[in-house]
Amino acid sequence: MENQTFTRTELHELVWSEPLLTLSKRYNISDVGLRKICIRFNIPLPKNGHWQKVQYGKKVTKTPLPTADKEEVITFGIRDENSVGIAKELSPVKMLQKEIEEQLKNILVVPDRLTKPDKLIISARERLNSTDNRIYKGLMSSSYQNLDIRVSQLNIRRALLLMDTLIKSLYARKHDIRISQNDTMVIIDGHSIPLSLREKTKKVLTNSKDHWNLHKYIPDGLFIIKLENGYDCKEITDGRLPLEKQIALIIASLGNDCC
């Protein structure tokens with residue numbers, strides 16, 4: 001892709017015409033890098049929730065472009081060393097992660113017990129603990145029209161605490177969450193991104209002579225958050241840091257390309 005050149009006025013019109021995530025993919029620059037350029041040139045951006053309002057036909061207000069001493073020309077693109085430098089310096093996901101950690105430092109801490117759980121958590125808890133909920137491949141599922149959670153009985157409590165904190169953090173960032181049949185959709189700048197939580201399992205052979213029971217699945221206690229964005233996906237897992245310490249990273253990853 002060749003360099004893209006805009007005046008301040010043109011870039012102002014552009015960022016108010018489509019979400020930054022859409023524009024970043026089109027022009028090969030991270031959405032965080034594009035945001036940085038707009039801040040640098042004093043170009044106002046839509047606030048969180050703007051594109052959700054547009055999607056549902058609600059009235060929105062466009063912030064006028066402040067006057068400048070001169071109409072500067074702004075260039076960025078895959079071959080633009082300045083924009084590449086900005087993106088490299090920012091390390092987009094990490095920079096957004098740090099911003100989220102600072103903004104939500106009092107919300108990101110996963111508590112020891114559920115306190116005023118979100119209604120989605122209450123519904124998922126009822127389903128996961130239901131007596132007619134069956135174990136499939138070693139895991140319980142919150143099932144149809146609930147949060148997409150698949151964990152062992154032993155780790156239901158941990159899953160609910162983690163997801164409740166994640167949901168409250170997303171709301172604090174002015175994002176939204178919707179349930180679409182079997183999918184949990186996070187809405188960011190008008191984009192719907194599927195998110196799921198599952199526990200890893202190990203597939204082991206059994207001594208059964210029944211053709212249908214040659215294997216069984218044993219949960220290993222490690223959690224995976226899966227994010228999908230179009231044909232791309234990303235998995236954030238328990239590792240050196242448990243997922244409870246990676247909530248800001250999960251949210252930052254939702255706001256950028258998944259892979």
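D176 is partly exposed, because its relative accessibility is 27%, and in this predicted model its side chain meets that of R178 in a salt bridge with an N to O distance of 3.6 Å. The partner R178 is likewise partly exposed, with a relative accessible area of 26%. D176 also serves as a reference point for G190, since the two residues stand 14 places apart in sequence while their C-alpha atoms are 9.6 Å apart in space. G190 itself belongs to the loop that joins β6 and β7, and with a relative accessible area of 30% it is partly exposed. Once neighbours within four places in sequence are set aside, the contacts of G190 are with W51, Q52 and Q55.

**Salt bridges**

The pair formed by D176 and R178 can be set beside others, the search of the whole structure having found ten salt bridges. Three of them are listed here with their N to O distances.

| Pair | Distance, N to O |
|---|---|
| D176 and R178 | 3.6 Å |
| K105 and E102 | 3.6 Å |
| R198 and E235 | 3.9 Å |

In the pair of R198 and E235, R198 comes from strand β7 and E235 from strand β9 (residues 232–237), so this salt bridge ties together parts of the chain that are 37 residues apart in sequence. Both partners are partly exposed, R198 with a relative accessible area of 29% and E235 with one of 40%. R158, D238 and E244 are joined into one network through salt bridges that share partners. In the pair of K105 and E102, E102 counts as exposed because its relative accessibility is 53%.

**A buried acid in β7**

Strand β7 also holds E199, which is buried and yet takes part in no salt bridge. What lies nearest to E199 among side chains of opposite charge? That side chain is R158, and it is 7.1 Å away, while a salt bridge requires a side-chain nitrogen within 4 Å of a carboxyl oxygen. The side chain of E199 does reach the backbone nitrogen of S152, at 2.8 Å. Beyond neighbours within four places in sequence, the residues in contact with E199 include L139, R150, V151, S152 and N155, and also P219, D220, G221, L222 and F223.

**The nonpolar cores**

The largest nonpolar core has 41 residues, and those that touch the most other members are I149, M163, L195, L197, I250 and L254. At least two residues of this core come from each of α6, α7, β4 (149–151), α8 (156–172), β6 (183–188), β7 (191–205), β8 (215–229) and α9 (247–254). Of these elements, α8 gives the most, with nine residues. A second core of 16 residues, separate from the largest one, includes L14, V15, L34 and F41.

The surroundings of I149 can be described in detail: leaving out residues up to four places away in sequence, I149 touches A124, L128, M140, S141, S142, A159, L160, M163 and L197.

**Helix α7 and the loops beside it**

A124 and L128 are also among the buried residues of α7, together with L120 and I121. Seen down the axis of the helix, the buried residues of α7 fall within an arc of 95°, so they line one face. The face turned away from that buried side carries the exposed residues K119 and E126, while the cover over the buried residues includes β3, β4, α8 and β5 (176–180). At the N-terminal end of α7, D118 acts as a cap, with a side-chain oxygen 2.9 Å from the backbone nitrogen of L120.

Two lysines in the loops on either side of α7 have positive phi values. K116, in the loop between α6 (92–103) and α7 (119–128), has a phi near 45°, which is a positive value in a residue other than glycine; K116 counts as exposed because its relative accessibility is 75%. K137, in the loop between α7 and β3 (140–141), has a phi near 50°, again positive in a residue other than glycine; K137 counts as partly exposed, its relative accessibility being 41%.

**A buried histidine in α1**

H12 lies in helix α1 (residues 8–15), and it counts as buried because its relative accessibility is 4%. When neighbours within four places in sequence are left aside, H12 is in contact with I43 and P44, and with K62, T63, P64 and L65.

How values were computed: Residues numbered from 1 in each chain as written. Predicted model: local features only at pLDDT ≥ 70, side-chain atom pairs only at ≥ 80, totals over all residues. Heavy atoms only, no water. Helix = DSSP H or I, 4+ residues; strand = E, 2+ residues; numbered from the N terminus. Buried < 20%, exposed > 50% of the residue type's maximum accessible area, 1.4 Å probe, protein only. Core = buried A, V, L, I, M, F, W, Y, C linked by side-chain atoms within 4.5 Å. Contact = heavy atoms within 4.5 Å. Arc of directions from axis to C-beta. Polar contact = N/O pair within 3.5 Å; in protein donor to acceptor, adjacent residues only side chain to side chain. Lys, Arg positive; Asp, Glu negative; His and termini not counted.
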